[in-house]
Amino acid sequence: MNILEHIRESLQFLVPEALLLGSLLLVLFLDMFQATRKNTYFAATAFISFAAGGLYLLNQLFDRGSIPNVEFMDHMLLQNPTILFSKILLIISGILALVFIQLSPSSLWLRERGETYILLLAILMGCFFLVAALNLFVVFLSLELISVPSYILVASRFDKKSTEAGIKYLLYGAFATGVMLFGISLIYGLTAGMDLFSPRWIMVFASVPVFSKWIVLGLVLAALFFKTSLFPFHPWTPDTYEGSGWGVLNILSTIPKIAAFIFLMRLSAIFEGMQSYSLLLATIIGFSLLVGNFSALMQSNARRLMAYSSIAQGGFIGMALLGGGDLSQQALFFYLIVYLFSVPAALFVLDYFENISKGDAVNNFNGLGKKEPVMSLIFVIVMATLIGLPPTAGFFAKIFVFTSVWQHYETIHSPILLGVIGVAVAGTVASVFYYMKVPYSLFFKEFENTVILTSKHKSSLVFVSLSILPVVALFFTPDWLMDLLKVIVVYI
Amino acid sequence: MSGLIPHIEVPLIPADSISMLALTIFFMPIITFILLFFTGKHILASIRSWLATGVMGVMFVLSVYLHISIKGEHLSRWIWFEIGTIKFTTSMLLNNYSTTMMVIATFVSFMVHLYSVQYMKERRNHSKYFPYLALFVSSMLGIILSDNLLITFIFWELVGLASFLLIGFWYEKDTSAAAAKKAFLYNKFADLAFVIAIMILYAMYGTTEISILKELVNLSVTYQAVLAVPIFAGLAIWFATVGKSAQFPLYVWLPDAMAGPTPVSALLHAATMVAAGVFLLLKTSFLLIDWVPNLITIFGCVTALLAALQAIRTFDSKKVLAFSTVSQLGYMMMAVGVGADDAAFFHLATHAFFKACLFLSVGAVIHAMHHMQSHQFDHGQYKELDALDMRLMGGFRKKMPITFAAYSVSYAALIGLPFFSGFLSKDAILGALYDRAVVSGSWSWLIVAVAFTTVGLTAFYMTRQMILIFFGEFRLLKTDASYKKYFDHIVESEWLINIPLILLGAMSFWFFFSLNPLHAQTGWWMKDAFVSGTHHEFHIFIPIVASLFTLGAIAIAVQKYKTIDAFVDTRLTLTRVFANNYFIEKGITFLFVQPVFMISNMCMATDDFINRAIHAKAYFFIVVAQLADVFDRWVIDGLVHFVAGFIRYIGSFFRSYLKGNIQGYFYFTLIAFALMLLWLGWYL
Amino acid sequence: MIPVDYYIIVSILLFSIGSAIVFTRRNILYVLMGIELIFNAANINLVAFGQLDPDLNGQLFSMLIITVAAAESVVALAIVIVLFKKLNTIDLNEITHLKEK
Amino acid sequence: MATHILSILIFLPLLGVLGLLFIQGDDHRSYRWVSVLVTALQLALSIYLFTAFKPEYFQFHSYDSLVYMEKANWFQLSLGNLGILSVNYFLGIDGLSLSMILLSAIVLFAGACASWNITKQAKGYHALYLLLCISIPGCFLALDLFLFFLFFEFMLLPMFFLIGIWGGVRREYASIKFFLYTLLGSILILIVFIVLFISTYNPAEMMEYVSSNAGVTIQHIQEGIHSGELINNPSIIHSLDLIQLSNPVNYFPNGLLGEHNTLTVFGYSIRTWCFIALLVGFLIKLPAFPFHTWLPDAHVEAPTAVSVVLAGILLKIGGYGLIRIAWPLFPQEAGDASWWIGLIGVTTILYAAFVALIQTDLKKMIAYSSVSHMGFVVLGLAAAKTEGITGAVYQMFSHGLISALLFLLVGVLYDRTHDRMIPNYRGLISKMPAYSVIVTIAFFASLGLPGMSGFIAEILIFIGAFKGAIDTAAIPVWMPLVATLGLLLSASYYLWTLQRMFFGKFSTHMSIDRNTLKDLTVSEKALLYSLSGLIILFGLFPAILLNKIGPSMEAWTSFFINMK
């Protein structure tokens with residue numbers, strides 16, 4: 001078949017990406033003229049593309065449910081219900097990020113600029129490609145498409161903190177990319193191909209000597225672990241989080257992470273049964289849980305706290321990668337759904353409080369619970385979600401994740417898995433303490449600040465409540481989502 | 001184990017008309033209590049007191065009617081509550097025995113009420129007095145009527161409550177408050193034994209109905225020796241009465257309980273509180289088997305002697321009587337111990353009247369003393385005056401002849417002079433003791449000897465009290481002549497006080513109990529055989545010897561005290577021993593209270609320790625976090641150090657991870673990842 | 001044709017040199033250059049292996065890498081300029097304001 | 001309504017919470033009316049339930065006889081090879097729940113009345129209080145352990161905030177301590193629930209699941225399980241339905257809790273460890289020595305109404321959990337451990353009484369006395385005789401009323417002077433006569449005076465315990481005997497306190513403003529008198545409650561003994 005013909009046919013699968021690209025260009029265009037350089041225009045453009053993309057994806061999901069696994073673009077990309085669903089999650093996450101930026105009191109500089117939207121759209125596009133990637137080409141490209149805009153976003157507040165955060169992030173990221181590239185090149189040499197998911201490649205790779213496998217796997221996964229900020233690729237996280245604005249932080253800790261985890265899930269599916277891979281993953285996850293949870297205990301700065309929390313949450317999500325079978329995939333998606341709703345809510349409330357109290361140290365929030373009771377109460381629910389306490393779906397998310405690992409442990413009896421479970425239990429207990437740190441100072445400490453700034457109360461409240469509502473609702477109907485996932489996630 | 005005990009169905013029996021009458025009597029004071037307790041402050045004091053007194057009078061009349069009309073036993077039983085198939089019953093037993101006790105109790109209570117109407121008129125907190133009295137009486141009636149140990153226990157404790165409230169009636173006085181607490185706690189301590197008895201009996205027989213238990217114990221008599229449980233039940237019940245009936249070593253609360261109003265003391269000592277113990281023991285005497293009766297006898301004997309000795313050296317006019325009560329209770333217990341239940345009950349009855357009379361007449365004297373005090377108070381010369389101290393009294397014989405007469409009659413009854421009730425009952429007890437000694441010999445003779453000695457002691461201290469209070473001169477004037485004008489004004493008490501004295505005094509004569517003034521066995525009282533049917537042979541020498549002891553003691557006492565003007569005590573050591581209740585309290589403090597506080601402090605320390613441990617747990621997570629941090633800082637850094645030895649220029653980056661240096665992060669990642677891979681390689 | 005092994009040796013050398021630079025040099029620009037070296041080590045590998053691949057995937061990939069690396073360098077240099085404006089330094093040892101307290 | 005009365009009872013306060021949200025303004029008066037009204041409605045409902053409840057409604061361990069039962073599938077989650085987690089919205093009432101429901105309705109109402117004077121952030125306070133009003137009855141009515149655990153946990157948060165925000169000086173410390181302790185207990189309980197979940201199955205629901213296959217019966221399923229065919233089958237339905245859990249047939253024979261399981265940890269079987277974990281979890285809540293130290297702090301710092309609820313009901317959930325869950329699910333282990341349990345009971349009784357004796361803070365003393373009285377519950381349980389168990393339940397009921405009264409009384413004094421140190425007062429009776437009368441009633445009730453409800457409970461526990469000691473040698477004879485000392489000790493500290501604080505000449509510490517010492521107001525009187533009235537009512541006529549719950553308790557005992 002003519003290659004051009006093939007590409008033309010393949011384009012029909014890229015409608016959402018095209019929409020994103022189109023709106024990206026439109027924002028670029030709008031940004032060129034003084035008259036149209038308006039926040040509302042940018043946001044509307046981005047939102048319309050999100051909404052249209054989301055609707056299209058939904059439509060595809062319902063339509064194409066019966067035709068799974070379409071490979072297109074010369075086996076570069078894959079389309080199946082799982083990937084469609086992942087993209088929908090990314091879209092939701094994108095919309096939340098967009099609204100976050102619009103409402104966040106500290107993101108004025110962010111929302112006034114056209115670049116923000118362009119970068120957000122680019123990141124989202126990168127994520128779309130990443131979750132659908134079949135080839136290391138695409139993996140590399142999409143990771144770069146996510147990374148480079150992220151660097152710019154982090155650094156774009158142009159003050160000391162943000163540039164420092166940006167350069168650190170960039171250096172770490174670039175180094176990780178370089179390492180991954182080197183690994184890819186070796187893989188290419190070892191297997192004469194980069195089409196990761198093809199049976200041929202898998203077969204060839206299986207015959208690679210163990211030592212080489214170790215090296216290349218380690219090198220290639222480095223970039224993914226960097227994106228998901230798993231141990232030992234996490235040290236950039238607290239610094240970068242501390243230096244960036246809440247709006248950026250929200251984007252960093254949700255969209256790329258979700259995409260990277262979904263890709264890791266797909267990767268794990270092909271490496272299933274390969275002991276070196278699963279043990280490496282298990283160890284990394286275990287250490288992430290340990291470092292994330294226990295370092296978070298010591299933090300007094302809300303941003304760094306959330307950074308370590310995101311490392312720890314990464315560990316919990318990663319646990320779903322360890323378990324084999326459908327349940328672990330469902331658990332991953334369940335957890336990701338809970339995560340994508342609760343993290344923006346958490347960050348938004350912190351942003352809100354920081355704006356009131358003019359400081360992001362936890363101490364600055366002392367006594368705010370009495371001034372802002374409703375917001376604080378919602379924050380408690382959000383924190384309960386992240387800890388995994390009822391009545392929030394975080395509880396089920398944790399249960400599923402634990403169950404999937406336990407189930408896997410029961411089949412392979414690996415002590416490392418048991419260790420991971422142990423660390424996760426300890427980490428869950430520890431997480432109560434650091435997540436409750438902020439509510440504690442909100443409610444139990446005496447109010448110290450004399451300066452209080454009021455901010456847009458109603459809309460913030462609505463945003464936070466709406467983003468946490470699904471999590472609470474899911475607690476009461478977890479079986480609905482699980483049944484849905486059962487149908488969708490099997491194609492991974 | 002429980003299989004050995006035959007299971008007996010507990011039948012329910014509806015109340016007949018006689019029982020209904022008894023129930024009516026029982027509920028009357030309860031209603032009075034409720035009525036007066038809640039409306040107390042809002043109605044006139046006189047209405048209040050006369051209402052309570054009237055009710056008591058009606059109760060007395062009804063009791064007498066009940067006693068007359070009763071024939072045989074009237075048992076009624078109802079369900080109190082049930083747990084599934086397990087039924088907890090409540091029951092009432094009416095027989096000669098209980099109705100007699102009812103008559104005694106209501107009569108003495110009625111007298112005390114009458115007396116109180118006048119006595120309490122000028123006292124404070126009047127509004128709660130009569131309801132408390134009503135509670136007291138109703139609880140006593142409950143003990144008398146109940147045929148169920150559990151129910152008895154309820155009233156038993158309520159008697160304790162009522163005594164607490166009444167002893168502590170003048171709560172502003174510290175002694176009063178302390179005495180009330182002491183009385184309640186000592187009783188509570190003894191009551192634990194009651195709880196244990198209930199536990200044992202319920203566990204063994206599945207019921208606490210006394211009449212059913214009686215059958216069961218008799219049925220299961222063959223394996224009593226094996227199980228030894230009824231023995232312990234009996235022991236426990238006896239120990240419960242040790243508290244309530246003030247036996248050695250728990251009698252120390254009783255003298256202190258004199259801090260309450262005098263009529264209360266009279267009631268406490270005569271018909272209610274202390275009588276309850278003996279009464280219960282008589283009711284459950286079927287449980288007293290094996291060596292328990294001997295124990296009871298010995299303790300009764302010790303009590304009788306020790307209390308009598310203490311009474312000799314006491315100057316508090318009411319305490320003398322209190323010790324006397326303890327001593328007499330010792331007699332009753334001895335009688336119970338040797339199986340002379342009739343004699344014990346007889347003595348209980350006679351003692352109720354004359355002891356109430358003694359208290360009330362001494363109360364009248366104290367009343368007069370108080371009057372002097374309050375008169376002085378009115379004239380602004382208030383001095384602290386111990387109105388109870390006999391050393392300050394004297395010469396009241398002429399001032400208060402009726403009181404004196406009542407006192408003398410009951411005095412004669414207490415020391416057991418012929419033609420008085422005490423003579424008859426004491427004789428019965430002594431006879432029983434003698435009979436027992438004849439049978440079992442050895443140490444029993446010692447008991448008899450002590451019993452006779454105590455008879456002498458009783459006569460001695462009572463004579464001493466009589467002389468100190470009623471004869472000689474008014475000694476208060478020797479210390480403070482300013483009382484003279486008030487003493488001159490002292491006259492006989494009001495009739496409301498005198499009438500009870502006269503009536504109660506009259507009951508000290510022999511003819512109420514036996515027509516033959518010298519021989520109780522022929523009297524209708526003993527003949528009716530209320531409790532047990534065993535009769536004792538009459539020994540003529542016993543009353544004679546007892547009377548000789550009595551007369552001799554009187555003579556010595558008269559000789560000793562007739563010339564005394566101001567009392568100066570010799571032999572202080574002995575007095576101190578007596579005043580300290582033979583150091584029983586000190587001993588209890590040393591043996592129980594101090595250890596309790598020690599344990600308390602230890603427990604508190606343990607609590608602190610636990611708290612610290614808990615803090616440690618809370619810090620644990622922080623420590624782990626610190627460790628993780630230390631791990632980050634030192635272990636990993638240390639490795640960095642190690643690697644640095646091989647690579648130039650790296651030294652300046654050592655602590656870079658600490659310092660936020662991105663290259664430090666690279667090192668961290670590199671080393672951690674390499675180590676991890678190495679370890680995994682090794683592991684695989 | 002030069003055997004592949006030689007390419008690999010060169011690329012590993014490049015990778016190591018690049019890494020050493022990244023790890024040790026304090027100047028950000030040097031570090032960026034080190035990263036470029038790592039990229040190029042990968043490029044060499046890819047091209048070398050690409051010789052054997054009829055689809056020329058390796059060569060294609062390396063072109064891609066060169067492009068992306070250029071983009072990344074642009075961003076990096078832009079940030080470095082801002083950084084220099086704000087902090088007056090491009091010494092990594094002095095860019096340590098964000099750290100564990 | 002009758003079919004959903006339990007749900008209505010539980011979720012009624014939700015309406016109140018919604019109502020609170022719509023009331024605007026800072027005026028605390030309107031908020032308090034909401035709580036009082038809602039709790040009054042709850043009280044009315046539970047009284048209706050109480051009167052409509054017939055003693056025949058028992059046989060707790062089968063579905064048929066649970067009257068007012070509500071059962072609906074909430075969700076079924078497939079957990080891969082672990083099978084399907086089926087969670088039911090399952091409520092039911094028997095004698096045990098009935099008494100606790102009645103108690104909680106009374107105490108919550110009293111607590112709402114005691115919250116009358118809360119002015120600090122009244123809206124939040126009442127909202128949290130109403131949340132407590134949901135979770136507490138929910139806990140007592142839930143028969144699915146998942147549901148139970150939810151309500152159980154859900155109590156934690158409002159309580160934490162109520163202590164932490166509206167508490168006294170050291171409220172942070174107290175609330176954190178409370179939180180930590182309870183969390184530890186919850187974790188232990190949760191672990192056991194998880195173990196229960198993985199080692200049991202629910203044949204009744206599996207029937208529904210496989211009903212498409214004709215001819216399959218429960219026996220088939222059970223045989224399949226027992227022959228090992230169905231083990232680790234993803235279609236096995238697990239549930240935490242208490243009724244299914246209490247049937248030993250529903251345990252996998254080779255599962256962690258199965259009969260054939262020989263796995264031991266430190267020499268004890270998994271079943272034993274599970275029982276220990278449940279025991280400790282609930283003993284923390286109860287609380288019993290040595291897990292009690294959170295209670296005095298929590299009480300001292302908590303506001304009056306919260307103390308009332310804490311002592312009045314929350315402690316009872318510990319005892320309820322033991323009776324409802326720990327004993328029926330692990331009868332063998334409970335029987336084996338009876339000696340230790342009895343020891344814990346006796347130690348708690350005496351230890352807490354000793355500590356109470358030397359307290360100088362009135363509230364702390366009462367808190368320790370609560371611990372001591374809860375020890376009786378443990379003792380009654382250890383012997384596992386009908387009398388003892390009934391006594392334990394009655395003790396929980398009566399202690400709920402008595403401790404509510406006591407803490408209300410302390411609150412009255414504290415409201416006036418902000419000082420509750422015993423040595424700082426003397427002769428209060430002459431200044432506050434009505435108050436002193438009720439204090440005396442409460443003290444005597446608490447020390448187990450006959451005629452008050454506490455006496456019935458304690459005597460039942462004693463005779464039950466002793467009967468157990470004699471009949472089955474479940475506990476040694478000395479335990480009930482020694483435990484009687486607790487009666488003496490409680491009499492000691494109460495009377496000593498009476499003597500020190502209320503008797504004697506009136507005087508106060510100079511830091512106390514004497515003018516603030518006013519006697520009770522009419523509304524206070526109404527509340528306190530009615531509580532005292534209830535205590536006496538249930539003391540004189542225990543049949544009101546015992547006749548209703550007796551058959552349930554008897555069934556419980558026979559179930560326990562059969563299982564053992």
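How many Å separate the centres of domain 1 of chain A and domain 2 of chain A, taken over C-alpha atoms? Keep that in mind while you set up the view, and remember throughout that this is a predicted model.

**Stop 1: chain A and its two domains**

Colour residues 1-270 of chain A as domain 1 and residues 272-492 as domain 2. The answer to the opening question is 22 Å between the two centres, taken over C-alpha atoms. Now look at where the domains meet: 44 residues of domain 1 of chain A and 45 residues of domain 2 of chain A take part in the contact. On the domain 1 side, select α4 (81-103), α10 (210-227), α11 (236-243) and α12 (246-271) of chain A, each of which supplies at least two residues. Highlight α12(A) in particular, since the largest share of that side, 14 residues, comes from this helix. If you colour the domain 1 side by residue class, you will find 26 nonpolar, 14 polar and four charged residues.

**Stop 2: into the core**

Stay in chain A and centre on A:V349. Which residues is A:V349 in contact with, leaving aside its neighbours within four places in sequence? Show A:M375, A:I378, A:F379, A:V382 and A:V464, and you have them. A:V349 is also one of the residues with the most contacts inside the largest nonpolar core, which has 692 residues. Others in that group are A:F334 and A:Y335 in chain A, together with B:I198, B:A236 and B:A356 in chain B. To follow the core into chain B, select α6(B), which gives the most to this core, with 23 residues.

**Stop 3: chain B as a whole**

Zoom out to show chain B in cartoon style. Chain B has 27 helices and two strands. Of its 684 residues, 53% count as buried. Among contacts in chain B with a separation of 6 or more, 80% are between residues 24 or more positions apart.

The two strands make a good close-up. β1(B) and β2(B), the latter covering residues 86-94, run antiparallel and are joined by nine bridges. Pick B:F81 and then B:F88 in β2(B): they are bridge partners. Follow the chain round the hairpin, where two residues lie between the strands, and stop at B:G84 in the turn, which has a positive phi of about 60 degrees.

**Stop 4: where chain B touches chain D**

Bring chain D into view. The contact between these chains takes 47 residues from chain B and 48 residues from chain D. On the chain B side, select β1 (74-83), α5 (149-167), α6 (174-205) and α26 (584-644), each supplying at least two residues. α6(B) appears again here: this helix gives the most to the side that touches chain D, with 17 residues. By class, that side of chain B has 33 nonpolar, seven polar and seven charged residues.

**Stop 5: the sheet in chain D**

Finish with the strands of chain D. Here you will see an open sheet of three strands in the order β1-β2-β3, with mixed pairing. Why is one side of β1 (70-78) and of β3 (237-239) in chain D left without a neighbour in the sheet? Both stand at the edges and each has a single partner strand, so one side of each has no neighbour there. Tilt the view and compare the strand directions: neighbouring strands of this sheet are turned by 30 degrees against each other on average, direction ignored. Then select β2 (residues 84-91) of chain D, which runs parallel to β3(D) and is joined to that strand by three bridges. For a last pair to click on, choose D:L85 and its bridge partner in β3(D), D:H238.

Conventions:
Residues numbered from 1 in each chain as written. Chains lettered and ligands numbered in written order. Predicted model: local features only at pLDDT ≥ 70, side-chain atom pairs only at ≥ 80, totals over all residues. Helix = DSSP H or I, 4+ residues; strand = E, 2+ residues; numbered from the N terminus. Buried ≥ 20, exposed ≤ 12 C-beta atoms within 10 Å, placed from the backbone. Contact = placed C-beta atoms within 7 Å. Pairing = 2+ DSSP bridges. Axes fitted to C-alpha atoms, helices over the stretch in contact; angles between N-to-C directions. Nonpolar A, V, L, I, M, F, W, Y, C, P; charged D, E, K, R; others polar. Domains from an automatic or database assignment. Core = buried A, V, L, I, M, F, W, Y, C linked by C-beta atoms within 7 Å.
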